[in-house]
Amino acid sequence: MLRNKGLVWCFEAVLIITIAKSACCLVPRPRGVSLTNASLYYPHDGKWVCLDGSKTIDFLQINDDYCDCTDASDEPGTAACPEGTFHCDNKGYRYKNIPSSRVNDGICDCCDASDEYGYSNTKCVNTCAELGRAEQELRKWAAEIHRQGSAKRSEMINKGKHLRSEREKRRSDLEVQRQQQEMLKNEKEEIKKQAETAENEALELFKELQKEKENDFPTLEEPLRQEATENFLRYDVNKDNFVDIVELQLDIALDQDRNGIVTVEEAKYFLDERDRVDLQSFITLSWPRIKPMQMLSQGIFKPPAEMNPELQHVGENKGELPNDNHPTEEEKRSQTYEEIDEEGDGEEVYEEEEPNVGVGSVSEVSTAAPDYDPETQRFIDLANEARNAYADAERELRDIDQELNELKMQIAKDYGPHDEYSTLEGECFKFEDREYVYTLCPFDRTSQQPTAGGTETTLGRWDQWVADGKNKYAQQKYSRGASCWNGPQRSAVVQFKCALESKITAVSEPNRCEYHFDFETPAACDEATFIASEKHLRDEL
């Protein structure tokens, strides 16, 4: 026991002397402990407390190849604790922390070979100096890229600030313009109301005058309607409330070509090319065509010159048949069908599955506008002008509001600490691999499309910046993309890197429906930040 205490006293004395001598030299610390954690491994009366405070052990038990602390802090230089961490100093290159289970496992993990101190057969060579020189060359090249990229970034910053200034000015102008347009719209609305009030009064007066005229003169439409109804009932032989082709074929007066029969085509002409019509359709569509034929057959109607020449010929020469040298309509259609069959190699000609009965077709008949008197028409024209002027003012106001909202969204958008990313908006960049063509439109959307062609799929729409450590503007996130099959909505993360030109360098899908873009741009070149990181790296090297 006394011997152990003496050893501890000697170790503490040596440690204190070493610390005093190494003010400008190496700081003594147990193997596997980093320089920043060296102060945590000082003994106190020969004792040492585990870093998690769970246990106090003798200082000599550190790195004795036996795990005493639950947090593995007592074995930083051995493989005794499975959860321990070994620190590689790697002087001349980057330091490295490895799991303590890799210590003395026969594999060189640290470039300074410090992790394989217990095996002399392990041929580990210290390559830190060589790696450090390669790292320095790489950093020199990166420094030059950042220097040139920062110059381009300054240009992008100036353009971004100019864009913001223009947007702010445009927003101010639009806000003033909107106030003026709002006043103009209200003025046009008031004029429209007054014009419509006068129009309504004029129309009411016109209607009253029309009613008085109708009361003074009996209408001529009722006798015509009654006549059409009577003929409908006469043609409706089977009393099914419809007049069809067969029923019209019974009336020889409807034989247009005077060949002694009423063909299906002739009957369908009077039915407005339908199979049958109801009463209302008969009155409005069929009767105006049938009545002249009845009058023609009775010899009380002579067709006008612009009528069908064939009917005109029949009217002048009653009872004569048309010239046999000219084919009838039925023969023409038969010839046409034969030609179609010959050209189509016997393909079937399909007809409609259900007959067209013509119900509800009355709405197709155009109704002439009332013949207004000049004074009433003047009020109507004034009201129409007022309505058009109000509609124009209202549309102009909507256009101003839409542009104003877009400007406000752009102004509120985060384009980087100095608006350096602002110039990327409105541009789209493409990247093609063996399967897809990927598109990135910064601050808008990302998408993919098969190289062989096909539908473009949205991978995500602009969402927000995503910080990577201290760099707030390292990544962009695009979310709310098209949904995957039986999966979530697609999304994408865009990683920004410094380069002399803006382009996509790689696209991957690390997780299902989650995409990763590597995007290089001068906007990501910050020389001041790079110099600061270089200083930290030199301290490491």
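This is a short tour of selected places in the structure, to be followed in a viewer. The model is predicted, and the values given along the way are computed from it.

**Stop one: the loop between β2 and β3**

Begin by selecting N63, which you will find in the loop that runs between β2 (56–58) and β3 (85–88). If you display its backbone angles, you should see a phi near 55°, which is a positive value in a residue other than glycine. Most residues other than glycine have a negative phi. N63 counts as partly exposed, because its relative accessibility is 22%.

Now move along to D65, which also lies in the loop between β2 and β3. Here again the phi is positive in a residue that is not glycine, with a value near 65°. Is D65 buried or exposed? Its relative accessibility is 52%, so D65 counts as exposed.

**Stop two: charges over rings**

Next, select K192 together with Y390, and turn the view until you look down on the tyrosine ring: K192 lies over the face of Y390, at 5.2 Å from the ring centre. Then select R234 and Y235, where R234 lies over the face of the Y235 ring, at 4.5 Å from its centre.

**Stop three: residues 383–410**

Select residues 383–410, which UniProt, in an unreviewed entry, marks with the feature "coiled-coil region". In the model this span is 100% helix and 0% strand, and its end C-alpha atoms lie 41 Å apart.

**Stop four: aromatic rings**

How many aromatic pairs does a search of the whole structure find? The search finds 19 of them. One to examine is the pair formed by F443 and W462, whose ring centres are 5.0 Å apart and whose planes make an angle of 55°, so that the pair is classed as tilted, since tilted pairs are those neither under 30 degrees nor over 60. This pair links distant parts of the chain, with F443 in the loop between β8 (436–441) and β9 (445–450) and W462 in strand β10 (residues 457–468), 19 residues apart.

Colour the two residues by accessibility if your viewer allows it. F443 is buried, because its relative accessible area is 4%, and W462 also counts as buried, at 16% relative accessibility; the cut-off for buried is under 20%.

To finish, widen the selection to the cluster that ring pairs build around these residues, which includes F443 and W462 along with Y415, Y421, F429, W465, Y473, Y478, F496 and F519.

How values were computed: Residues numbered from 1 in each chain as written. Predicted model: local features only at pLDDT ≥ 70, side-chain atom pairs only at ≥ 80, totals over all residues. Heavy atoms only, no water. Helix = DSSP H or I, 4+ residues; strand = E, 2+ residues; numbered from the N terminus. Buried < 20%, exposed > 50% of the residue type's maximum accessible area, 1.4 Å probe, protein only. Phe/Tyr/Trp six-rings, centres within 6.5 Å; stacked < 30°, edge-to-face > 60°. Lys NZ or Arg CZ within 6 Å of the ring centre and 35° of its normal. UniProt positions renumbered as here; feature names shortened; annotations may be inferred.
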